[in-house]
Amino acid sequence: MSIEERLHAQHNLLMEAYQNNIASARTIQQTLLRDILPGLVDELELDEESEARARLWLNDLESMFRLFKVSNLSRVIRTVHPPDSYVQRHKFTVPFTLEHARDTLLWRLAVIPADLPYHTPPFIQCLPLEHRDPCGRPVIVVRLAQLFQFSGDVREALVHYMERLRLNLQSMNCIDAREDGSRTPILQYVALLDIGGISVQNANMDLMTWYIFELVPRFPGMLAAVFILNYSWAHSGLWNIVKYGQEHAPPSDPRVLPQPALARVFFPSRQELLQCMPSAGLPQEYGGALPSLPALEDPLANVSPHRASRAVVQLPAAITA
């Protein structure tokens, strides 16, 4: 099966899971807003601003679905190690999602500021939103060498940008909603990870481990695929460390990438990349017709919680009570 065929198959499974479980995700959303959040407000003595921030996230139905899906997938992987299709083709359960949502909400209130800074870091950017992959998903580019050379607080920058990515999906789903209330959601991104100029010697493994195993779970299910670009045999040692964690680590080790995650990582040649992604939507650096990355504006630079909140109230599933 080609890379393009695998991407379409995974997308179809996700859309099937969405249709089968979105009603349950709405129920979880209601429970969180009506039962869990008031308890947290009292327990933590949250002020009005913090409560409003919590509601903005909980009103993001697609985030609730992604959290619902990934929470249950992680639970089943830890117990029976099934194929990805097992969870996607079966009904999910609620308690694990509520626990995950509560933990994530507490983290968000502690870490993500009410107002995101307007600048975006130079090592990651979203391509123009009108240019998407064949499944309709926006595309982001991460340049690992620039990330490791970043002079600022790279972890804070990554947290803020991941929140921008979530807010952007939330806003796009509002814009793409049909008048009759039905819609095909945009749930994920495709990432182009440029590892040119990186080796085991200059890679920041602590940062990579933190991002994969600590930050990504706070924004579950947002990556449909990762295309590793400029990969060569010299990077095989680095990939093995990322893939397996510590040497000879057992599959139950939380630092070992599970099979569903590995199935979304690809190492395309330039020709294979152009077969999977329209050349009109790729920067010049990767054989496309768009200007080079420094000449492209990042459409996420102006994304803010306030803009997304205006989108949320238009969604039929949004709950404010």
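The paragraphs below go through the nonpolar cores, the aromatic pairs, one helix and two loop residues of this predicted model.

In soluble globular proteins, nonpolar side chains tend to be buried together. Here the largest nonpolar core has 46 residues, and those touching the most other members are Leu-147, Phe-148, Leu-158, Leu-165 and Leu-215. Both strands and helices contribute: β1, β2 (139–143), α6, α7, β3, α8 (205–215), β4 (223–229) and α9 (236–244) supply at least two residues each. The greatest share comes from α7, which gives 10 residues. Leu-158 shows what such a position looks like in detail. Neighbours within four places in sequence aside, Leu-158 is in contact with Phe-123, Leu-147, Leu-207, Trp-210, Tyr-211 and Leu-215. A second core, separate from this one, has 26 residues, among them Leu-37, Leu-61, Leu-67 and Ala-101.

Ala-101 belongs to the buried part of helix α5, together with Thr-97, Leu-98, His-100, Thr-104, Leu-105, Trp-107, Arg-108 and Leu-109. The buried set in α5 therefore includes Thr-97, His-100 and Arg-108 as well as leucines, because each of these residues falls under 20% relative accessible area. The helix itself runs over residues 95–111, 17 residues in total, and spans 24 Å from its first C-alpha to its last, close to the 24 Å expected at 1.5 Å a residue.

Aromatic rings give another view of how separate segments meet. The structure holds 5 aromatic pairs. In one of them, Tyr-18 and Phe-65 have ring centres 5.1 Å apart and planes at 75 degrees, so the pair is edge-to-face. Because Tyr-18 lies in helix α1 (residues 3–44) and Phe-65 in helix α3 (residues 61–80), the pair ties together parts that are 47 residues apart in sequence. Both partners are buried: the relative accessible area of Tyr-18 is 4%, and that of Phe-65 is 0%.

A further pair joins Phe-123 and Phe-150, whose ring centres are 5.2 Å apart with planes at 75 degrees, so this pair too is edge-to-face. Phe-123 is in the loop between α5 and β1 (124–126), and Phe-150 is in the loop between α6 (144–149) and α7 (154–175), so parts 27 residues apart in sequence are tied together. Phe-123 is buried at 0% relative accessible area, whereas Phe-150 is partly exposed at 25%. Phe-123 also appears among the contacts of Leu-158.

Loop residues can be buried as well, as Gln-188 shows. Gln-188 sits in the loop between α7 and β3 (189–194), and counts as buried because its relative accessibility is 9%. What does the side chain of Gln-188 meet there with a polar atom? The partner is the backbone oxygen of Gly-221, at 3.1 Å. Beyond its neighbours within four places in sequence, Gln-188 is in contact with Leu-14, Arg-137, Pro-138, Leu-169, Gly-221, Met-222, Leu-223 and Ala-224.

Leu-290 is the other loop residue considered here, placed between α11 (270–276) and α12 (305–312). Its relative accessibility of 8% is why Leu-290 counts as buried. Residues up to four places away in sequence are not counted in its contacts, which are Pro-128, His-131, Ser-279, Ala-280, Gly-281, Leu-282, Pro-283, Gln-284 and Leu-296. A separation of 9.3 Å lies between the C-alpha atoms of Leu-290 and Leu-127, although the two residues are 163 residues apart along the chain.

How values were computed
Residues numbered from 1 in each chain as written. Predicted model: local features only at pLDDT ≥ 70, side-chain atom pairs only at ≥ 80, totals over all residues. Heavy atoms only, no water. Helix = DSSP H or I, 4+ residues; strand = E, 2+ residues; numbered from the N terminus. Expected span 1.5 Å × (residues − 1). Buried < 20%, exposed > 50% of the residue type's maximum accessible area, 1.4 Å probe, protein only. Contact = heavy atoms within 4.5 Å. Phe/Tyr/Trp six-rings, centres within 6.5 Å; stacked < 30°, edge-to-face > 60°. Polar contact = N/O pair within 3.5 Å; in protein donor to acceptor, adjacent residues only side chain to side chain. Core = buried A, V, L, I, M, F, W, Y, C linked by side-chain atoms within 4.5 Å.
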